[in-house]
Amino acid sequence: MYEAGSWNELYPTQNLVNAYETTNGMLVTDPDNTLYDDQNPYANRDLRFYQSIVYNGSEWEGNIMSMVTNTVDDSKSGLCKPVLGKARCGYGPRKFIEELPTSTNLYGGYAQDNYWPFFRYAEILLNYAEAQNEALGASDQSVYDAVNDIRARAGLP
């Protein structure tokens with residue numbers, strides 16, 4: 001296991017992780033969700049979860065990640081308990097982060113620059129769908145096409 005350290009300030013919270021549904025479209029907090037198992041909380045999740053979150057046991061840059069676990073602290077916003085030098089919420093960001101081989105040594109240490117999108121194409125499509133829906137008073141096929149373009153890219157039906 002690779003011990004996950006962190007210098008960044010991007011820590012996905014438990015609230016964000018819980019917002020990802022299981023493959024049946026139900027929230028993990030729904031008591032009727034038969035796909036969610038709190039003993040195996042990362043199984044059967046929406047594909048976007050695996051594209052966005054580094055979690056305990058996930059693979060990152062050829063390593064199985066050992067993230068800080070048992071970090072729930074109700075006094076902290078977002079259910080995080082700070083631990084110096086670790087992913088403070090037990091999760092790390094995967095989305096928008098370039099995955100590099102562990103042998104990469106940038107700038108004399110292990111670091112990288114990331115170019116963050118200011119406006120994602122998915123946002124353009126969603127804005128279009130919302131505006132078209134409001135303008136027409138009902139959805140037309142172009143609204144469904146815009147939303148389905150986003151879902152198809154994420155591997156969703």
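Two residues are in contact when they have heavy atoms within 4.5 Å. Keep that cut-off in mind for the exercises below. The model is predicted.

**Exercise 1. Lay out the chain.**
How many helices and strands does the chain have, and in which order do they run?

*Solution.*
Step 1: Count the elements. The secondary structure comes to four helices and five strands.
Step 2: Read from the N terminus. The order is β-α-α-β-β-β-β-α-α.
Step 3: Add the contacts. Take those between residues at least 6 apart in sequence; 52% of them join residues at least 24 apart.

**Exercise 2. Place Val28.**
Is Val28 buried or exposed, and which residues is Val28 in contact with beyond its neighbours within four places in sequence?

*Solution.*
Step 1: Locate Val28. It lies in the loop between α1 (14-19) and α2.
Step 2: Check its accessibility. Val28 has a relative accessible area of 9%. Buried means under 20%, so Val28 is buried.
Step 3: List the contacts. Setting aside neighbours within four places, they are Asn18, Tyr20, Thr22, Asn33, Tyr36 and Arg45.
Step 4: Look at Val17. Val17 and Val28 are eleven residues apart along the chain, and their C-alpha atoms are 9.3 Å apart.

**Exercise 3. Find the salt bridge.**
Which residue forms a salt bridge with Arg48? Is that partner buried or exposed?

*Solution.*
Step 1: Count. The structure holds one salt bridge.
Step 2: Name the pair. Arg48 is bridged to Asp46, and the closest N and O atoms are 2.5 Å apart.
Step 3: Classify each residue. Asp46 has a relative accessible area of 6%, so it is buried. Arg48 has 32%, so it is partly exposed.

**Exercise 4. Read the surface.**
Which residues make the nonpolar surface patch of about 560 Å²?

*Solution.*
Step 1: Start with the whole chain. Its accessible surface comes to about 10,400 Å², with 52% belonging to carbon and sulfur atoms.
Step 2: Name the patch. Phe118, Phe119, Tyr121 and Ile124 make it.
Step 3: Pick out Phe119. It sits in the loop between β5 (92-93) and α3 (121-136).
Step 4: Classify Phe119. Exposed means over 50%. Phe119 has 52% relative accessibility, so it counts as exposed.

**Exercise 5. Describe a pocket.**
What volume does the second largest pocket have, and which residues lie nearest its centre?

*Solution.*
Step 1: Give the volume. It is about 510 Å³.
Step 2: Turn to the lining. There are 16 lining residues; Lys95, Arg120, Ala122, Arg153 and Ala154 lie nearest the centre.
Step 3: Match the lining to helices. α2 (47-52), α3 and α4 (141-153) each supply at least two lining residues.

How values were computed:
Residues are numbered from 1 along each chain as its sequence is written. This is a predicted model: local features need pLDDT of at least 70, side-chain atom pairs count only at pLDDT 80 or more; totals for chains, interfaces and linings use all residues. Side-chain values use heavy atoms; hydrogens and water are left out. Accessible areas come from the Shrake-Rupley method with a 1.4 Å probe; for residues, only the protein chains shown count as cover. Patches are made of residues with over 30% relative accessible area and no salt bridge: like charges are joined within 9 Å, nonpolar side chains (Val, Leu, Ile, Met, Phe, Trp, Tyr) within 5 Å. A salt bridge is a side-chain nitrogen of Lys or Arg within 4 Å of a carboxyl oxygen of Asp or Glu. Buried means under 20% relative accessible area, exposed over 50%, partly exposed in between (1.4 Å probe, protein chains only). On a 1 Å grid over the protein atoms alone, a cavity is a set of points where a 1.4 Å probe fits but cannot get out, and a pocket is an open set with protein on both sides within 12 Å along at least five of seven lines; lining residues have an atom within 4 Å of a point. Grid points are joined across faces, edges and corners, and a volume is the space filled by probe spheres set on the points.
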